[in-house]
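Hi,

Here is the structure I promised to pass on. Have a look at it first, and then read my notes below.

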Amino acid sequence: MRLVWLTLALGVTLAGMNPADASDTPTAKTPADQAATDDPWLWLEDIHGTRSMEWVKQENARTQARFASDTSFDKTRDAILQVLDSDARIPYVNRMGGELYNFWRDKTHPRGVWRRTTLAEYRKAEPKWEVLLDIDALNKAEGKRWVFKGVQCLKPAFERCLVSLSPDGGDAVAVREFSIPKKAFVKGGFELPVAKSDVGWIDEDTIYVGTDFGPGSMTASSYPRIVKEWKRGTPLSAAATVHEGKHDDLAVSAFHDRTPGYERDFVSVAKDFFHSELFLRHGGKLTRLDVPTDADANAHREWLLVQTRSPWTVGGATYPSGALLAIRFDDFIAGKREFTVLFKPDQHTALSSYAWTRNHLILDVLDDVKSRLEVLTPPRMAGADDGWHPEVLPGAPALSTVSVVDTDPDHSDEYWLDVAGFLTPASLERGVLGSTPAETIKQEPAFFDASKFTVSQHFVTSKDGTRVPYFEIAPKGIKLDGANRTLLYGYGGFEVSLLPHYSGSIGRAWLDRGGVYVVANIRGGGEYGPRWHKAALKANRPRAYEDFAAVAQDLIKRGVTSPGHLGAEGGSNGGLLMGNMLTMYPQLFGAIACEVPLLDMKRYSHLSAGASWMAEYGNPDTADWNFIKTFSPYQNVKKDGHYPPVLFYTATSDDRVGPVQARKMAAKMQAQGHPDVWFYENLEGGHGAGADNQQSAHMHAMAYDFLWDQLK
């Protein structure tokens, strides 16, 4: 995927516009246009401009001097870096053919190495790895600062791969063909310059490619609008167009399923984050799969699975939101619509994910935000009814998360599980359904003494009567005197679930100091499936903020903490959450860390990839602004308001949300005279704000030290 920036006459860089769309004919001003005219901090939207970067440099120096220039900060940063660089971490793997592949960063390899080993070797305490690509060596040879962004290899041989490399950690990547046997890039092979590209193998001489083909080829959301079929040895300009989407689509892509006996080609047109159309490509024609646009359809071998997001009436039956349905693919194409229900949610459960093995389907189910796994076996013969009966897959401790991290669906019933809890270091388990129970292959070390803490789950009633869960990690025997430094974390958007997980960084930088750590499972997330997400969409977005505030109030009411000792942290959509805690509920918090955030909701759809999120928030250039303005922190922060200390941090290279919203919010608050408004911008790292472990440790340490310092 790729981001297009265009410089306009105002000298401001904006996303989602195309020179071909320009016209000399005057047009009516949109609310965003008027906002730009009225915005004195518009110049900070010039991401790499001299004036903007000089402001960033000054703010970085001020924040660095205040929170990252003493031995206390060094101690926090080094403690986090030891976790990130530890050789004892689990080297998570994915199987390709007969070998296991891993990407690894540590102190010796800050940008990382892509490597592989065998299962027999991986079982050893210190396996021997075959290094395929050393990113640090590549950077030294090319004089670059590449950040590894993933790889796609052509099965079944897995000898040719498409490697994605970002110049700064952003979403825009260069793509190069790589030969595993030669451990080198293929001279004259498939190669794309830096762009928000989407690529995939068809065969050894053909790939699908969506990229920046020139003016008009990207969507308003900054992703590919056109997908083509590109033959080896021909110029990209000669690639044959497969499908063209519309300018206001989110993205267009294509993929080829190489499963022997079930080879199929598909084209996907994402209309927005939650609606898409899936087409079967056959004989040069596209046939749309007749499923709801908000459902997730996935073909595997002879089966088509459909996961609903809204109630669906078809074939004389109505299926609820959040259900998983199955039908034979050929039957569906022939017009049949008799689905089998594989999962049906209730008030406490949701389907988190599913994964195929060769002969089975594993469901990952959340039950009040706690994991359990079920195994289903499909009928062996057409028309048979000897399967799809669930069996529980054991191995989920209380208050934990168990997730399937890899399977081998083409060849075996092997599965790999990641098992972790807030106080339980992650373990990587491997099993084979029907023959070998899951056994622990790798165990994460304990990075802090978990015996001093306890985990509990609580529920609070939000403003509208909704029951909202949250997890609390606190010292054993905690005194409920309101004096505990407490950090409340949240996200609440895009159907993303916040599940129990182990973090050595949080343990060392927060819990070991005596702090309390809390995770709020507010609406907007996916903890209870689509209904939980939809409850905070668009005009209902404030429900997420009410939920977070309700958790904060419950912590105060229970005596866990008090406003002066309660901090909040969130990033991206969670950064928007923090902006609204700052402007809506400032009386509840003693400090807020607002990371890679959305904040200017009047202009967000015109900045970076913002147009892609209008299904989540609404379109500010329409009547939607009437409700969006109620949760737009940049517009709602007031000169006469009383706000807690706040740290905004972002990255220059973030080409998803972009750094400009954090810049403008900090500048506006400082100009209004608010004390304790701090800003820091990392140059690299993209939306993750860190291109390597050193940068990540620095950013996280700054946030934790800022919060700890302010919550005295």
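**Helix α9 and a four-stranded sheet**

Keep in mind that this is a predicted model. I began with helix α9, which covers residues 542-557: it has 16 residues and reaches 22 Å from first C-alpha to last, close to the 22 Å expected at 1.5 Å a residue.

So how much of α9 is covered? Mostly covered is the verdict, with twelve of its 16 residues buried. Among them are Pro542, Ala544, Tyr545 and Phe548, along with the acidic residues Glu546, Asp547 and Asp554. Further along you'll also find Val551, Ala552 and Leu555 on the buried list.

And what do those buried residues of α9 pack against? Their partners are five strands, namely β34 (453-461), β35 (467-475), β36 (486-489), β37 (516-520) and β38 (566-571), plus the helix α10 (573-584). Just after α9 comes Gly559, which has a positive phi of about 85 degrees.

The other thing to look at is an open sheet of four strands, in the order β30-β31-β32-β33 and with antiparallel pairing. β30 (400-407) and β33 (436-443) are the edge strands; each has a single partner strand, so one side of each has no neighbour in the sheet. On average, neighbouring strands here are turned by 25 degrees against each other, ignoring direction.

Within that sheet, β31 (residues 414-421) and β32 (residues 427-432) run antiparallel and are joined by six bridges. If you want one spot to zoom in on, try Val419, which stands opposite Ser427 in β32.

Cheers

Notes: Residues are numbered from 1 along each chain as its sequence is written. This is a predicted model: local features need pLDDT of at least 70, side-chain atom pairs count only at pLDDT 80 or more; totals for chains, interfaces and linings use all residues. Side-chain values use heavy atoms; hydrogens and water are left out. Helices (H or I, at least four residues) and strands (E, at least two) are DSSP runs, numbered from the N terminus. The expected span of a helix is 1.5 Å times one less than its number of residues. Buried means under 20% relative accessible area, exposed over 50%, partly exposed in between (1.4 Å probe, protein chains only). Contact means heavy atoms within 4.5 Å. Two strands pair if DSSP finds at least two bridges between them. Axes are lines fitted to C-alpha atoms, for helices over the stretch in contact, and angles run from 0 to 180 degrees between N-to-C directions.
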